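This report goes through one protein chain and its coordinates. Please keep the sequence and the structure at hand while reading.

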Amino acid sequence: MTGIARALRALAAAGAALLAVTAAAPVAAARPEPKAPPEFVDLRSVDPTIITEMRYTTAHNFMGEPVDGYRQPVCILTRPAALALRTAQRSLLRQGYSLKVYDCYRPQRAVDHFVRWAKDLDDQSMKDEFYPQVDKTRLFEDGYIAEKSGHSRGGTVDLTLVKLPASPTRPYEPGEELAPCYAPRDERFPDNSVDMGTGYDCFDTLSHTDDSRVQGVQRANRKFLKSTLSAAGFVNLAEEWWHFTYRPEVFPDTYFDFPVARRSVAGH
């Protein structure tokens, strides 16, 4: 046998052995997505009359893109928080109003996405609407972005009021001209909610619930929302008129990371 033939035979044997090892190797199983504990529910299963506009499944937010972990526009909350919202909603419906939720449970992966975005000082595509007067280098220091969120515990919700009958809200078109979130109502991005003085997720001190510069109808609307939610067991975050946490929390010390999707709470 020539040297070339012996070399070819050795290569063929090595290749066959490699194929045998590869075929025998076990296939790594895909890691299953975490699911919500049974204490979590889809808000619609508790009260389908509450309007949902889950902003983080869309590009109309301070980052300008859908947020990690938001698979479907579904509001997930712990059952006690959802039941408390139902109580508030029943009171509001009798007065010709409805709640509208912007965000509910928020997975830790979404919070991590916020943090990565905040550290990328070159990405300021949505500044003109959501943080026109705040330097992006100060988002952590000023408390607009943090590495943990109460939303991840399941008892916190961002919401507003809508006067019934609710008119439709047009979709945001990526790249459209932006107006400051604190501009007069007819200049801000259109929303079918009542006028609260700023839009949702407005990084500005005007978003503080009791800011003295917010007066008239806008102040009355904030007080109406706060008093209605307080009567149902929610506590408002003073820096954000839209942010409420149901107390006592079911999971006061746990930050979950299951995705925002119907399958996360299927069967609950």
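The text below covers confidence, the nonpolar core, one helix, the loop before that helix, salt bridges and some backbone details.

**Confidence**

The model is predicted. The mean pLDDT of the protein chain is 91, and 89% of its residues reach 70 or more. Residues 1–28 stay under 50 in pLDDT, and the model has two contacts beyond four places in sequence for them. Where pLDDT is low, the predicted coordinates should not be read in detail.

**Nonpolar core**

The largest nonpolar core holds 64 residues, and the members that touch the most other members are Leu85, Leu99 and Val101. Helix H3, residues 79–93, gives this core its largest share, six residues. In soluble globular proteins, nonpolar side chains tend to be buried together.

Which residues does Val101 touch, leaving aside those up to four places away in sequence? The list is Leu43, Ile50, Ile51, Thr52, Glu53, Met54, Cys75, Leu85, Val157, Asp158 and Leu159. Leu85, itself named above for its contacts within the core, is thus also one of the residues touched by Val101.

**Helix H6**

Helix H6 runs over residues 216–231 and has 16 residues. From its first C-alpha to its last, H6 reaches 23 Å, which is close to the 22 Å expected at 1.5 Å a residue. The buried residues of H6 are Arg219, Asn221, Arg222, Phe224, Leu225, Thr228 and Leu229. These buried residues pack against H3 and against four strands: E4 (97–103), E5 (156–163), E6 (234–236) and E7 (243–246). H3 is also the helix with the largest share of the core. After H6 comes Gly233, with a positive phi near 105 degrees.

**The loop between E5 and H6**

Several residues described here belong to the loop between E5 and H6, including Asp211. Is Asp211 buried or exposed? Asp211 counts as buried because its relative accessibility is 11%, under the 20% cut-off. Leaving out residues up to four places away in sequence, Asp211 touches Thr205, Leu206 and Arg219. Of these, Arg219 is one of the buried residues of H6.

Asp211 is also linked to Arg213 in two ways. A polar atom of the Asp211 side chain lies 2.9 Å from the backbone nitrogen of Arg213. In addition, the side chains of Arg213 and Asp211 meet in a salt bridge, at 2.9 Å from N to O. Arg213, unlike buried Asp211, is exposed, with a relative accessible area of 53%.

Asp201 lies in this loop as well. Asp201 is not a glycine, yet its phi is positive, at about 60 degrees. At 5% relative accessibility, Asp201 counts as buried.

**Salt bridges**

How many salt bridges does the structure hold? There are 18. Among them are the pairs in this table.

| Pair | N to O distance |
|---|---|
| Arg170 and Glu176 | 2.9 Å |
| Asp210 and Lys226 | 3.8 Å |
| Arg213 and Asp211 | 2.9 Å |

In the bridge between Asp210 and Lys226, Asp210 lies in the loop between E5 and H6 and Lys226 in helix H6, so the pair ties together parts that are 16 residues apart in sequence. Asp210 is partly exposed, with a relative accessible area of 46%. Lys226 is partly exposed too, at 30%. In the bridge with Glu176, Arg170 is partly exposed, its relative accessible area being 40%. Elsewhere, a network of salt bridges links Glu33, Arg71, Arg109 and Asp257.

**Backbone details**

Most residues other than glycine have a negative phi, and most peptide bonds are trans. The phi of Asp201 is positive. The peptide bond from Leu164 to Pro165 is cis, with omega near 0 degrees, and Pro165 is placed in the loop between E5 and H6. A cis peptide bond also runs from Arg247 to Pro248, with omega near -5 degrees. Pro248 is found in the segment after E7.

**An exposed loop residue**

Asp122 is in the loop between helix H4 (108–119) and helix H5 (127–130). Asp122 is exposed, with a relative accessible area of 77%. Asp122 and Lys136 are 14 residues apart in sequence, and their C-alpha atoms are 9.4 Å apart in space.

Technical notes: Residues numbered from 1 in each chain as written. Predicted model: local features only at pLDDT ≥ 70, side-chain atom pairs only at ≥ 80, totals over all residues. Heavy atoms only, no water. Core = buried A, V, L, I, M, F, W, Y, C linked by side-chain atoms within 4.5 Å. Buried < 20%, exposed > 50% of the residue type's maximum accessible area, 1.4 Å probe, protein only. Helix = DSSP H or I, 4+ residues; strand = E, 2+ residues; numbered from the N terminus. Contact = heavy atoms within 4.5 Å. Expected span 1.5 Å × (residues − 1). Polar contact = N/O pair within 3.5 Å; in protein donor to acceptor, adjacent residues only side chain to side chain. Salt bridge = Lys/Arg side-chain N within 4 Å of Asp/Glu carboxyl O. pLDDT = per-residue confidence, 0-100.
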